[in-house]
Amino acid sequence: MSVAKKEYKRVTVKSLVDMKALGEKISMLTAYDYTMAKIVDSAGIDVILVGDSASNVMAGHETTLPITLDQMIYHASSVVRAIERALVVVDLPFGSYQSDPKEALRSSIRIMKESGGHAVKLEGGKEVKDSIKRILAAGIPVMGHLGLTPQSIYKFGTYTVRAKEEEEAEKLKEDAKMLEKIGCFAVVLEKVPAKLAKEVADSISIPVIGIGAGNGVDGQVLVVHDMIGMTHEFNPRFLRRYLDLYADMTQAFKQYNDDVKSGDFPNEKEQY
Ligand code: KIV
């Protein structure tokens with residue numbers, strides 16, 4: 001059963017703001033390659049995030065810090081070639097926007113020109129305000145990302161829930177309002193208390209997309225490899241697994257191994 005209230009032939013940043021106004025929840029998943037993006041797009045997911053989580057799930061790094069701008073552009077251009085409907089948002093990787101607004105703009109322009117993505121996402125609040133303003137001034141849509149910002153993992157020291165204390169919660173609320181005011185089209189809120197996330201979503205007119213931020217926000221995002229169970233060592237409370245592909249794929253590979261070794265594959269019908 002479809003739960004969409006309005007058909008969007010192509011999802012744009014404006015569609016997302018309209019969806020919030022209409023009370024329609026926004027669905028977002030990551031993808032990093034052509035084949036996965038094609039499936040995600042054809043399932044009707046509104047936004048595909050080419051997340052820097054590619055650093056973890058595609059390249060096997062412990063954190064998101066090592067992935068480069070060139071690598072993000074490679075992943076994003078593969079995704080863009082696959083999609084017909086979804087909005088493609090591309091993460092600015094660590095080190096490509098923090099030092100100064102000019103560099104942030106140069107990195108964003110490279111993403112837009114070389115990958116064909118539709119918007120960029122970056123982590124942080126008032127610390128990166130000038131960079132965001134510069135990117136927006138060039139006509140590039142920006143999605144913010146507050147709460148647990150994995151590019152700052154060495155500052156936090158842990159992937160635990162953020163903004164449980166008053167001071168951090170207040171800053172987060174101010175940052176969300178600032179992101180709305182300067183012209184971001186949406187904000188990701190990662191791993192914060194559900195009550196706070198709802199308060200933020202109710203206080204701004206741009207969509208708040210949550211991951212581990214409860215159900216009072218305007219949409220949800222998950223890392224696709226986690227939600228289809230290709231990864232199996234990462235088990236946060238917020239993760240709903242829709243498949244157990246790790247088990248299914250392991251079983252398939254074992255069966256293939258057995259079939260090759262026993263001479264069962266290929267059979268007569270599987271040859272020329
Ligand atoms: O990189 C990523 O996948 C993300 C999501 C977890 C929001 O930023």
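Where is the place of Ala163? Ala163 is in the loop between α7 (153-156) and α8 (166-182); helices here are DSSP runs (H or I) of at least four residues, numbered from the N terminus.

## Basis of the model

This is a predicted model, in which local features need pLDDT of at least 70 and side-chain atom pairs count only at pLDDT 80 or more, while totals for chains, interfaces and linings use all residues. Residues are numbered from 1 along each chain as its sequence is written, and side-chain values use heavy atoms, with hydrogens and water left out.

## Backbone details

Ala163 has a phi near 60 degrees, a positive value in a residue other than glycine. Another detail concerns Pro266, which is found in the segment after α11 (245-262). The peptide bond from Phe265 to Pro266 is cis, and its omega is near -5 degrees.

## Domains

The domain assignment, which is automatic or from a database, gives domain 1 (13-241) and domain 2 (245-272). Their C-alpha centres lie 39 Å apart.

## Around the ligand

The residues that surround the ligand (a heavy atom within 4 Å of it) include Thr30, Leu49, Gly51, Asp52, His145 and Val223. By class, this shell has four nonpolar, four polar and three charged residues. In this scheme Ala, Val, Leu, Ile, Met, Phe, Trp, Tyr, Cys and Pro are nonpolar, Asp, Glu, Lys and Arg are charged, and the others, Gly among them, are polar.

Polar side-chain atoms of three named residues lie at these distances from an oxygen atom of the ligand: Ser53 at 2.5 Å, Lys121 at 2.9 Å and Asp91 at 3.1 Å. The protein covers 96% of the 250 Å² of accessible area that the ligand has on its own, by the Shrake-Rupley method with a 1.4 Å probe.

## The pocket

The ligand sits in the second largest pocket, with more than half of its atoms within 2 Å of the pocket's grid points. A pocket is an open set of points on a 1 Å grid over the protein atoms alone, with protein on both sides within 12 Å along at least five of seven lines.

Notes: Polar contact = N/O pair within 3.5 Å; in protein donor to acceptor, adjacent residues only side chain to side chain. 1 Å grid on protein atoms, 1.4 Å probe; cavity = no way out; pocket = protein on both sides within 12 Å on 5 of 7 lines; lining within 4 Å. Helix = DSSP H or I, 4+ residues; strand = E, 2+ residues; numbered from the N terminus.
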